[in-house]
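Colleague: I am new to reading protein models, so could you take me through this one feature by feature and explain each term when it comes up?

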Amino acid sequence: MGRHFTSATETPHQAVSLMAESAIGAGDYARLGVGGYVRRAADGVPLALQNSSSGVTALVPATLVDGGSGAWGRTSFNGQFFRSVLALGSGRFAVVFSGNGSQADTGVNLRLYNPMRVPVSPRVVVASATGVVGTRLARAGADHIAVAWTEGAVLKLAIHSAGSGAVVASETTVATLASSDVQGWNLAALSGGDFVLAYGKSGGSDLVFRRFNAAGVLQGGETVVEAGASPAFVGVLALRVGGFVVHHYRYASGTAYKFARFSADGSQQGALTTLAAGSPNRSVSPSERNAMELTNGHLVFVDPSSNTSAAVRLYDAAGNYLSTLAVATGAAGMPNTVCMCPRQFGGFWLTVGGQLYEYDNAGISLRQSLLAPTQPFMLFDRAGTGPLMAVHTVGSGFTTHLYSWNADLSAIESTLVLSTSSSYPLSYAWTEVLSSGMLVSVACGQPSSGAAQLHVTIPQASSILGIAQEAALPGAMVRVATAGKFATTQSFTSPAFDRRSATPPGTRGVAIGNTAILGGLSD
């Protein structure tokens, strides 16, 4: 079954009881760990641990989002990051991008993929106008996708099917913005099925939002968050209880970072709160990562009050200030080195530069890493082990890496290069965890000449046991349908199935004890 035998007393016929090490849902990809424990692949090692001296490889190599060379993906974003990838059900995902093959800023496109990056349908043309700047995605209920973009300074919206990509509601104009800057507006899906578009409006430069249902029908009117704000770094944080938080930087007189809470129906809850007054010390992209909600409902914001200090601020669920966690001080630009994400079972991870810290829900420091490798742009929790970091190295070219921390935070256990270019500086990128536990990463290069190219990568472990047939709580027995087959001539340093010789993900089977029964097709 792909066990790694550590003593001479173990035999290929030894019974193995499979137990859940972390919460596993039906349909999750599972990884076999020490002692017959299994955990979701997303909680294990979502990087390929290849059985060779070269180390780490992607399960599916990077490829262009559309076949052949061409102008796909708007450039000149100067390393900004925004949600161009959306996780759907059953491990599927959607990618939105501009371009028509000849001009990178003409047209908006949507493409749906299965868990192994095979297109579900041909490229769907959402819009064909010129002057497309930023493009974003969000869920619109269980069955639809909200696609938002700007044509110049005009904010547009369309609704498409999450199953086929077909049009549900054709493009419509939402508003004319004060600026075409992609950081001046944002989009988020709410837990109840609605979604919210927040943006800086032209004319009075107000920060406002509009709320839509899953069919793209406007719910109520335009709501003002702050009048005359001339906002930048706009973010919308959806809350588990159904409400949301709008956070931004006020560039108008009285400059300050602020946030406001709203219920699911758009009613404001409490006052507009000032995080910090003064200069825009936190200006790094993406704005989505400036705030997060913890499992106890507390809110955490990157503290932008000092340009030479890295810190975060904690607020309770009602928006009342609790405490400031000062993490480090240094040279100018320290707030831009902060990256954070919530932990699945309470607390949160935080990095300053590459130094990793773990906190509980109350903001009490639990531990920190023994080294500081490099600064991430995105951070992902993995229960039972260290987190995963997405790192974008920008220079004369760019490289996108994934770094996997080990459980005691003493070392980076594996590194995966998603995409690299010696001549293209990074234009934009995004990495998303899929419902299957895999990850998908998009990176767009900005060429000095020639056509822009948008790459899509699926990195994932080759050490995958299979697909869970049923949900299981930690410590419970679990049945697993194998998604791969084990090659007995290979040697592994950990229990593993080898996905390089895998049968297709649709394979049916069961693994009980030391027996794996497979049924499927192999090419």
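**Reading the fold and its spaces**

Modeller: Let us begin with contacts, which means heavy atoms within 4.5 Å. Among the contacts in the chain with a separation of 6 or more, residues 24 or more positions apart account for 51%. Please keep in mind that this is a predicted model, in which local features need pLDDT of at least 70 and side-chain atom pairs count only at pLDDT 80 or more, while totals for chains, interfaces and linings use all residues. Residues are numbered from 1 along each chain as its sequence is written, and side-chain values use heavy atoms, with hydrogens and water left out.

Colleague: How many helices and strands does the chain have?

Modeller: Both are DSSP runs numbered from the N terminus, helices being H or I runs of at least four residues and strands E runs of at least two. This chain has 42 strands and 0 helices.

Colleague: What percentage of the residues of the chain count as buried?

Modeller: A residue is buried when its relative accessible area is under 20%, exposed when it is over 50%, and partly exposed in between, using a 1.4 Å probe and protein chains only. Of the 523 residues here, 57% count as buried. One of the buried residues is T135, with a relative accessible area of 2%; T135 belongs to strand β12, residues 132-140. Beyond residues up to four places away in sequence, T135 touches F82, R83, V96, F97, V108, A148 and W149.

Colleague: Which residues have the most contacts inside the largest nonpolar core?

Modeller: In soluble globular proteins, nonpolar side chains tend to be buried together. A nonpolar core is a set of buried Ala, Val, Leu, Ile, Met, Phe, Trp, Tyr and Cys residues joined through side-chain atoms within 4.5 Å. In this model the largest nonpolar core has 52 residues, and V95 and L197 have the most contacts inside it. Strand β37, residues 439-445, gives the most to this core, with 5 residues. If you centre your view on L197, its contacts, leaving aside neighbours within four places in sequence, include A148, L155, L157, V174 and W185.

Colleague: Which residues have a positive phi although they are not glycine?

Modeller: Two cases can be compared. S230 has a phi near 45°; S230 sits in the loop between β19 (223-226) and β20 (231-238) and is partly exposed, with a relative accessible area of 29%. F233 has a phi of about 55°, but F233 is placed in strand β20 and is buried, with a relative accessible area of 7%.

Colleague: How many cavities of 30 Å³ or more are there?

Modeller: On a 1 Å grid over the protein atoms alone, a cavity is a set of points where a 1.4 Å probe fits but cannot get out, whereas a pocket is an open set with protein on both sides within 12 Å along at least five of seven lines; lining residues have an atom within 4 Å of a point. The count comes to 3 cavities of 30 Å³ or more, and the largest holds about 100 Å³ of space. F233 is one of the residues that line this largest cavity, and R282 is another. The second largest cavity holds about 70 Å³, and its lining includes R282, V284, P286, N336 and Q375.

Colleague: Where is N336 found, and what does the side chain of N336 lie close to?

Modeller: N336 is found in the loop between β27 (321-329) and β28 (338-342). A polar contact is a pair of N or O atoms within 3.5 Å; within protein, one must be able to donate a hydrogen and the other to accept it, and residues adjacent in sequence count only if both atoms are side-chain atoms. A polar atom of the N336 side chain lies 2.8 Å from the backbone nitrogen of S283, and one lies 3.1 Å from the backbone nitrogen of V284. Looking beyond neighbours within four places in sequence, N336 is also in contact with N281, R282 and Q375, among others. P286, another lining residue of the second largest cavity, follows a cis peptide bond from S285, with omega near 5°.

Colleague: What is the volume of the largest pocket?

Modeller: The largest pocket has a volume of about 1500 Å³. Its lining consists of 47 residues, of which R83, L237, R289, P342 and E432 lie nearest its centre. The elements that each supply at least two residues of this lining include β12 and β20.

Terms used:
Points joined across faces, edges and corners; volume = space filled by probe spheres on them.
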